Amino acid sequence: MKKRILLLLLSVAFILNASAQTPQLYNPFANAKADIANAVSRAGNEGKHVFLQIGGNWCVWCLRFNQLILENDTLSTVMNKNFIVVHVNYSKENRNEETLATLGFPQRFGFPVFVILDGKGNRLHTQNSAYLEQGEGHSTKKVLDFLNAWTPKALDPKSYKK
C-alpha cells in the first residue's frame, strides 16, 4: 500500500513538473493594452507594423500557426523584418474585452485572429485565419501572401510610383 501511495505521489509530482515547464505562448495575466502600446512605439521607431495574434493556449490552431512561423525560415524572416508581434490572450482567465473592443471586436472571426496595426497604432486590417488554413494547419503560401500584403513597403505609396 505504501508503494502505491509513493508511486501515485511521484506520478503527480512528475505531471505537475512537466506542465509547469511547458512554455505558454499566451499570458492570461499580461497587460494587453500596455504590450500593444509598447509594440506600437517600437514599430514606429523601427519602420515596422504590429502583428497581433489573438488567441489562447487552449487553441490548437493558434499554436499551429505560431509553430509554422517559427519553423519556416521564409515566414520567420518576413515576420521579423516587417512586424513587431504581440500574442494577445483570449481565455476564460482573461478575455481582454476592453482591448479587443478598441480593435473592432476581432474575436468575432474565431481564433487565431490577426490584427495589423501601423506604427502609430491605427488598425490597418483584421484577418480571419480560416482563410489561411489548409488541411490540418495553415498554408505557407497563403500566410506568406497575407504577410507580404500588409508589410510597410506594401502600403507605401512610393512602392507604386514609376
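A residue counts as buried under 20% relative accessible area, as exposed over 50%, and as partly exposed in between. Keep that cut-off at hand for the exercises below, which all deal with a predicted model.

**Exercise 1. Sort Lys120, Phe105 and Asn96 by accessibility, and place each one in the chain.**

Solution.
- Step 1: Start with Lys120, which sits in the loop between β3 (113-117) and β4 (123-128). Its relative accessibility is 74%, so Lys120 is exposed.
- Step 2: Move to Phe105, in the loop between α5 and β3. With 47% relative accessibility, Phe105 falls in the partly exposed class.
- Step 3: Finish with Asn96, in the loop between β2 (83-89) and α5. A relative accessible area of 11% makes Asn96 buried.
- Step 4: Now look across space from Lys120. Its C-alpha lies 7.5 Å from that of Ser41, although the two residues are 79 residues apart in sequence.

**Exercise 2. Describe the overall make-up of the protein chain.**

Solution.
- Step 1: Count the elements: the protein chain has six helices and six strands.
- Step 2: Read them from the N terminus on, and the order is α-α-β-α-α-β-α-β-β-β-β-α.
- Step 3: Turn to burial. The protein chain has 162 residues, and 39% of them count as buried.
- Step 4: Take the contacts in the protein chain with a separation of 6 or more. Residues 24 or more positions apart account for 68% of these.

**Exercise 3. Find the backbone features worth a second look between β2 and β3.**

Solution.
- Step 1: Go back to Asn96, which is not a glycine and yet has a positive phi of about 50 degrees.
- Step 2: Check Phe105 in the same way: its phi is near 55 degrees, again a positive value in a residue other than glycine.
- Step 3: Follow the chain to the peptide bond from Phe111 to Pro112. This bond is cis, with omega near -5 degrees.
- Step 4: Place the proline: Pro112 belongs to the loop between α5 (97-102) and β3.

**Exercise 4. Characterise the disulfide.**

Solution.
- Step 1: Recall the chemistry: a disulfide is a covalent bond between the sulfur atoms of two cysteines.
- Step 2: Count and name. The structure holds one disulfide, and the cysteines it joins are Cys59 and Cys62, with an S to S distance of 2.4 Å.
- Step 3: Assign the hand. The torsion about the S-S bond of Cys59 and Cys62 is about 80 degrees, so this disulfide is right-handed.
- Step 4: Check the surroundings: Cys59 and Cys62 are both buried.

**Exercise 5. Work out how helices α3, α4 and α6 pack against one another.**

Solution.
- Step 1: Begin with α3 (residues 60-71) and α4. Their axes are 5 Å apart and the packing angle is about 95 degrees. Angles of 65 to 115 degrees count as roughly perpendicular, so α3 is roughly perpendicular to α4.
- Step 2: List the contact. From α3 come Leu68, Ile69 and Glu71, which meet Asp73, Leu75, Ser76 and Met79 of α4. Sorted by class, that contact holds four nonpolar, one polar and two charged residues.
- Step 3: Continue with α3 and α6, whose axes come within 12 Å and cross at roughly 80 degrees. This makes α3 roughly perpendicular to α6. Phe65, Leu68 and Ile69 of α3 make the contact with Thr140, Val143 and Leu147 of α6. Here the classes are five nonpolar, one polar and no charged residues.
- Step 4: End with α4 (residues 73-82) and α6 (residues 140-149), packed at an angle of about 15 degrees with axes 10 Å apart. Angles under 35 degrees count as roughly parallel, so α4 is roughly parallel to α6. The crossing of α4 past α6 is left-handed.
- Step 5: Name the residues in this pair. On α4 they are Thr74, Leu75, Val78 and Met79, and on α6 they are Thr140, Val143, Leu144, Leu147 and Asn148. Six of the contact residues are nonpolar and three polar, with no charged ones.
- Step 6: Put the angles together: α3 is roughly perpendicular to α4 and to α6, while α4 is roughly parallel to α6.

Methods. Residues numbered from 1 in each chain as written. Predicted model: local features only at pLDDT ≥ 70, side-chain atom pairs only at ≥ 80, totals over all residues. Heavy atoms only, no water. Axes fitted to C-alpha atoms, helices over the stretch in contact; angles between N-to-C directions. Helix = DSSP H or I, 4+ residues; strand = E, 2+ residues; numbered from the N terminus. Parallel < 35°, antiparallel > 145°, perpendicular 65-115°, else oblique. Left-handed = near helix turned anticlockwise from the far one by under 90°. Contact = heavy atoms within 4.5 Å. Nonpolar A, V, L, I, M, F, W, Y, C, P; charged D, E, K, R; others polar. Disulfide = S-S within 2.5 Å. Buried < 20%, exposed > 50% of the residue type's maximum accessible area, 1.4 Å probe, protein only.
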